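Biologist: Please take me closely through a single helix of this model, from its dimensions to its packing and its charged links to the rest of the chain.

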Amino acid sequence: MLPKPKHLGVEYAVQFQDQSIVDAYQYRPPYPDELFEILLALITDEPRAVLDLGCGRGDVARELVAHVERVDAVDFSHFMLARGKQLPHGDHPQLHWIFGRVEDVALHPPYALITAGESFHWFAWDVVIPRLHNLLTPHGYLALFGREAAPNPWNAAVMESIRRFATNKDFQPYSTLEELQKRNLFALRGTKVTAPYQFVQSVEDYIESFHSRNGFSRERMGVKQAAAFDAELQHILAPYQIEGKITLQVSVTVNWGKPAASVVSSQ
């Protein structure tokens, strides 16, 4: 199998174990109700059990659990799981928080749906893909999804700041779906995009949301660099804020399909 892009290596994934990233996660746009309608419609098998990979604070797992028999939510960050347990539905009796790596943690299949929101790119695909194939029910799917904001006039300037300040100097633009498909790891069966929804937040919260991303952990940037990055974004966003707020138009793209039964070596 082709090696994963360097910027998606485990040395960068571990940043999501940092407390500052967990604290900043609340400033990301929320998932819309339509996402959960799409995911629930993909479940056609019994048992109606869901596996949520790289669950973070359980933003997906905590919403799905009231509509299925069980959700197993896996993450390798103690801080993320601890925060999720404190949030609405985090104490639901059928929501099972599981600490560990997706590659080798003990699980309880079969699952009628496996979900991964903005996390699948971090996993060891050569290990995870065949494992997921064996965890699914006959008509079960792996659903990959992520949020995307419509283009904004400040994007180019912000991206330049990101390139200069990010601690992940290996980063390159990429598509998880395309990376999986060119390695023959994922057979796409369907795609849906939610209707755009408006998300309004303060400039300060919008800037803080960047610290929930790879390369912007405050612990790893250091106080001085993090403050310089924040100040630069404040300057960039000043012409576009209205009464101290920024408005985003956000949508979620969901791709579902079947993980490959095996991985073919590139050698």
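Modeller: In this predicted model, helix 11 runs over residues 223–237, and its 15 residues reach 21 Å from the first C-alpha to the last, close to the 21 Å expected at 1.5 Å a residue. The buried residues of helix 11 are Ala226, Phe229, Asp230, Leu233, Ile236 and Leu237. Seen down the axis of helix 11, these buried residues fall within an arc of 120°, so they line one face of the helix. The spacing fits a general rule: an α-helix has 3.6 residues a turn, so residues three or four places apart point the same way. Turned away from that buried side is a face of helix 11 that carries the exposed residues Val223, Lys224 and His235.

As for what lies over the buried residues of helix 11, the cover includes helix 7, helix 9 (203–209), helix 10 (218–221) and strand 8 (245–259).

Two of these covering elements can be followed further, beginning with helix 7, which spans residues 155–165. A salt bridge joins the side chains of Arg164 and Glu232, with a distance of 2.1 Å from N to O. Because Arg164 lies in helix 7 and Glu232 in helix 11, the pair ties together parts that are 68 residues apart in sequence. Arg164 is partly exposed, with a relative accessible area of 40%, and Glu232 is also partly exposed, with a value of 23%; with buried meaning under 20% and exposed over 50%, both therefore fall in between. The pair does not stand alone, since Glu160, Arg163, Arg164 and Glu232 are linked in a network of salt bridges. The structure as a whole holds 17 salt bridges.

Strand 8, the other covering element to follow, leads to the hydrophobic interior. In the largest nonpolar core, which has 48 residues, Leu39 and Val254 touch the most other members, and strand 8 provides the largest share of this core, six residues. Leaving aside neighbours within four places in sequence, Leu39 is in contact with Val60, Leu64, Leu113, Thr115, Ala143, Phe145 and Val254. Strand 8 is also among the elements that cover the buried residues of helix 6, together with strand 1 (49–53), strand 4 (111–117), strand 5 (136–149) and helix 8. Those buried residues of helix 6 are Trp125, Val128, Ile129, Pro130, Leu132 and Leu135. Strand 8 thus appears in the cover of helix 11 and in that of helix 6.

How values were computed
Residues numbered from 1 in each chain as written. Predicted model: local features only at pLDDT ≥ 70, side-chain atom pairs only at ≥ 80, totals over all residues. Heavy atoms only, no water. Helix = DSSP H or I, 4+ residues; strand = E, 2+ residues; numbered from the N terminus. Expected span 1.5 Å × (residues − 1). Buried < 20%, exposed > 50% of the residue type's maximum accessible area, 1.4 Å probe, protein only. Arc of directions from axis to C-beta. Contact = heavy atoms within 4.5 Å. Core = buried A, V, L, I, M, F, W, Y, C linked by side-chain atoms within 4.5 Å. Salt bridge = Lys/Arg side-chain N within 4 Å of Asp/Glu carboxyl O.
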